[in-house]
2 protein chains.
Amino acid sequence: MAGTLPGMTFEPLSRESVSDQVFGRLRDAVVAGRYAAGDPLPSERELAAAFGVNRHAIREALRRLQQLGLVKVSQGGATRVQDWRATAGLDLAMTLAAVGDVLPLATLNRDVLEMRACIGADAARLCAERADPAARAAIAAAVEEYAAAVPDLDLMAAADLAVWRRIVEGSGNIAYLLAYNSLTAGAVAVGHMPQPRRTAELLDVAAHRRLAELIGAGDAAGAEGAARALLTAAVATRSQMGNPRP
Amino acid sequence: MAGTLPGMTFEPLSRESVSDQVFGRLRDAVVAGRYAAGDPLPSERELAAAFGVNRHAIREALRRLQQLGLVKVSQGGATRVQDWRATAGLDLAMTLAAVGDVLPLATLNRDVLEMRACIGADAARLCAERADPAARAAIAAAVEEYAAAVPDLDLMAAADLAVWRRIVEGSGNIAYLLAYNSLTAGAVAVGHMPQPRRTAELLDVAAHRRLAELIGAGDAAGAEGAARALLTAAVATRSQMGNPRP
DNA sequence: ACGGATAACTGGTCCAACCAGTTGACGGGT
DNA sequence: ACCCGTCAACTGGTTGGACCAGTTATCCGT
């Protein structure tokens, strides 16, 4: 290891493409509310001059913003900012975590956990109801793999994600599957949910096994209850005391 | 009306921009599975030649596909197709309806309705639990507006959407709000859910009023139950007989 | 004061060249 | 025969400038 430098660490200097950076800046500006809904963005030529990049880079960024539902570009007219609370889809959540200015991270995290519980419980119900035998077997296998990782928390977290993915897949509901993708992608951005309570959920191997058995047995109501109990542990005890500081 | 033409109707000839068309074609190709996951897409220059358009148009489309989670572009290497079932977010659902080849429309519709019921019920619960007085009043007002539209089904549908938006807003859960946006955007694409059963849900003014009252009174469990009952009507009676033909 | 031509915007598209990474094939060394 | 560095031939990334195609606001004539 000739290249190992003593004592000094380098952050991996921005390899982000120009249009990615433009996209990030504009997204943050819009989400943070620095433009009111309906306001026109500066023209592409102005933005290009302001950022010191070519207009094509601006255009790529704007197209992506439009697809996210943050702006509406229309030929001839100006590109106008939209009210993202009314027009943006769940995919925005993935990118929202990175902003942090406009949304309190704690609230966003609570929201994601609530949605996870809601979807996960219903997916477990549907899974118990209509998953095919192969899917049920895959779930049982995933749970065993999870149980086998038992001392290593990181491994367990990854295996836990895999278990839930199998369950959501088994539910046969495409919308749940895509929402699950959105939520996990966002959770990764947040930083692996370092809540203390989540550890308890993660360590409850018995509950995972019970859930897998209920699904395997086709007990819809039981599976839903077990899933909800498991997933709500991290949220249920939220108090009225206010938000924990991040 | 000098311009009214007798007997002949014109479809509004494609005003879609070039890059939009490219985006649509590539998206459909990927979602329909015409490229296996991991396969490289043709190079930007090849695609430009194939579509007979400029490379920049291709690039804009590819950037959007990447953001949807359908492909992964990397400098120097090829742009590779991803497994959208594992990497795409809920926003894909909005655009999925237009494909129709790969997913049976009936199944997709059922999935959306299931998710709607799941989110809606939990949002109602949270709304009853923690919405501020203004939000509760807004819900009651929206319900009255909905009730006032009572003969006109289209108006009622729009008002119904507004009611649920208020409820989801009142839940204070950003993830629910964004997911709601994704689902309604997709539903519009599907075509206003022309199910026969949905009409019953739409016409149940009394149930809407009851729901608003329960939320106003802060009865979380009651509101959740009422919302679930209302939203499940369109899905609950699904039979084992198979999918209705679109 | 009204209404239509118009000029000055806006975004949309193209071309052509070059920069910057990745990949694989080719050839010299061991 | 095998291994490894070199390099040419890809890939996407970026730039500049020109022009097309809509929208909008101004201004002039009635």
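How many helices and strands are there in chain A? This predicted model gives chain A 12 helices and 2 strands. Along the sequence they run α-α-α-β-β-α-α-α-α-α-α-α-α-α. The two strands therefore follow the third helix, where an element is a DSSP run numbered from the N terminus.

**Fold of chain A**

Chain A has 246 residues, and 39% of them count as buried. Take its contacts with a separation of 6 or more: 69% join residues 24 or more positions apart.

**The nonpolar core**

The largest nonpolar core holds 128 residues. Residues from both chains rank among those with the most contacts inside this core: Ala124(A), Ala179(A) and Ile215(A), along with Ala124(B), Ala179(B) and Ile215(B). In soluble globular proteins, nonpolar side chains tend to be buried together.

Ile215(A) shows what such a position touches. Beyond its neighbours within four places in sequence, Ile215(A) contacts Ala124(A), Cys127(A), Ala128(A) and Ala131(A). Arg136(A), Ile139(A) and Ala223(A) complete the list. One of these partners, Ala124(A), is itself among the residues with the most contacts inside the core.

**Where the chains meet**

The contact between the chains draws 35 residues from chain A and 35 residues from chain B. On the chain B side, at least two residues each come from α3 (55-68), α4 (84-87), α5 (91-96), α6 (105-130) and α9 (174-190). The largest share, 9 residues, belongs to α9(B). By class, this side of chain B has 19 nonpolar, 7 polar and 9 charged residues.

**The DNA strands**

Both chains contribute to the surface near each strand.

Around DNA strand C there are 18 residues. Ser43(A), Ser17(B), Val18(B), Asn54(B) and Gly76(B) come nearest. Three helices each supply at least two residues of this surface: α2 (44-51) of chain A, plus α1 (18-31) and α3 of chain B.

DNA strand D is also surrounded by 18 residues. The closest are Val18(A), Asn54(A), Gly76(A), Ser43(B) and Gln75(B). Here α1 (18-31) and α3 (55-68) come from chain A, while α2 (44-51) comes from chain B, each with at least two residues.

The table sets out the residue classes of these surfaces.

| Surface | Nonpolar | Polar | Charged |
|---|---|---|---|
| Near DNA strand C | 5 residues | 11 residues | 2 residues |
| Near DNA strand D | 5 residues | 11 residues | 2 residues |
| Side of chain B that touches chain A | 19 residues | 7 residues | 9 residues |

Conventions:
Residues numbered from 1 in each chain as written. Chains lettered and ligands numbered in written order. Predicted model: local features only at pLDDT ≥ 70, side-chain atom pairs only at ≥ 80, totals over all residues. Near = placed C-beta within 6 Å. Helix = DSSP H or I, 4+ residues; strand = E, 2+ residues; numbered from the N terminus. Nonpolar A, V, L, I, M, F, W, Y, C, P; charged D, E, K, R; others polar. Contact = placed C-beta atoms within 7 Å. Core = buried A, V, L, I, M, F, W, Y, C linked by C-beta atoms within 7 Å. Buried ≥ 20, exposed ≤ 12 C-beta atoms within 10 Å, placed from the backbone.
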